[in-house]
Amino acid sequence: MATASIATAAMCLAPRRLLADDISPVIKIRKAAATAEIKVTKLRGNVSVLEGSGGNIAVLIGRDGKLLVDAGITATRKGITEALASLSADPIKHLIDSHWHFDHTDGNEWLHSEGAEITAHENTLRHLSVDTRVEGWNFTFPASPAGALPTKLFADELKLEVNGADLVLKYYLPAHTDSDISVHFTDVDIIHVADTFWNGVYPFIDYSTGGSIDGSIRAAEANVARVTDKTIIISGHGPVGNKAQLIAFREMLVTIREKVGALKKQGRSLKEVQAAKPTAGFDAEWGRWVIDGPTFTSLVYAGV
Ligand SMILES: [Zn+2]
């Protein structure tokens, strides 16, 4: 009986569409990264964003050396190296992991070998240190090598001054995972919000390492409260955004959570809830990328 219910719970957590062809999206994403083009965009002051290898990478240049928020995927090392060189000749000295997921930390080891000290929330180190299974991706990540592990850790908040810029790193509490942090470049008002914001597309939620729909909504609300109309928001995935787009994302999460929650409360199975199409009003806009409406429904269903 216990075994059956654990198996059922695990199946509920698995986004079925992602698993339809039995290839983990992790393998597909790594493969795509080998030929990915890196797009470089200067945002404000000395901060730029690199898009194209896993999650969006923020870069601060200056005399203390380059600081990166997130490391991309190792297969794109050459493209990232060229993109970084196009910004300045400063060496790479600092790396901040926005959370533990591979599409944000895969490049930790090579960036550390170039000279980067790695900073992260303590739960990022915890997950990278051991073999970690993500049911939703149908994949078990082996423990990372020593050079890939963050060595500068914090629990709630950390303030840094790098290249004359003030940075505030803040823990979200469990949201998309239990290791998500924001990195606010306060002087230029640019904030990297990790995977608590997928701009214009349905997000993944990692229940295997502490994520949940309600935690994701709390993080979205914290983000909306923290920014102004002038803040530049670097999402984990999707284009760089603004406050209006952040509000639209929160509304999408809240509306679908209410619909799926009400149907589940009536005793409906995941299949029945998916058949009722609780995401119908959003799919044309939000369901065009990795996670479609039925898959996002399953991620919400698992947490309500
Ligand atoms: Zn993530």
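This short talk goes through the nonpolar core of a predicted model and the packing around its helix 9.

Two remarks on conventions come before the details. Residues are numbered from 1 along each chain as its sequence is written. Since the model is predicted, local features need pLDDT of at least 70 and side-chain atom pairs count only at pLDDT 80 or more, whereas totals for chains, interfaces and linings use all residues.

Let me start with the core. By nonpolar core I mean a set of buried Ala, Val, Leu, Ile, Met, Phe, Trp, Tyr and Cys residues joined through C-beta atoms within 7 Å, where buried is 20 or more other C-beta atoms within 10 Å of a residue's own, exposed is 12 or fewer, partly exposed is in between, and C-beta atoms are placed from the backbone. The largest such core has 60 residues, and Ala58, Val59, Leu68 and Val183 have the most contacts inside it. Its largest share, seven residues, comes from helix 9, residues 243–265; helices here are DSSP runs of H or I with at least four residues, numbered from the N terminus.

Which residues does Leu68 contact, leaving aside its neighbours within four places in sequence? They are Ile57, Ala58, Val59, Ile92, Leu95 and Leu111, a contact being two C-beta atoms, placed from the backbone, within 7 Å.

Now to helix 9 and its partners. Helix 8, residues 213–226, packs against helix 9 at about 155°, with the axes 9 Å apart; axes are lines fitted to C-alpha atoms over the stretch in contact, and angles run from 0 to 180 degrees between N-to-C directions. The two helices are therefore roughly antiparallel, a label for angles over 145 degrees, while 65 to 115 counts as roughly perpendicular. On the helix 8 side the contact includes Ile213, Ala220 and Val224, and on the helix 9 side Leu246, Phe249 and Arg257 are among the residues met.

With helix 12, residues 293–301, helix 9 packs at an angle of about 70°, again with axes 9 Å apart, which makes helix 9 roughly perpendicular to helix 12. Here Ile256, Arg257, Val260 and Lys264 of helix 9 touch Phe296, Thr297, Val300 and Tyr301 of helix 12.

Finally, is Thr255, which lies in helix 9, buried or exposed? Thr255 is partly exposed, because 14 other C-beta atoms lie within 10 Å. The C-alpha atoms of Thr255 and Phe282, although 27 residues apart along the chain, are separated by 9.7 Å.

Key. Parallel < 35°, antiparallel > 145°, perpendicular 65-115°, else oblique.
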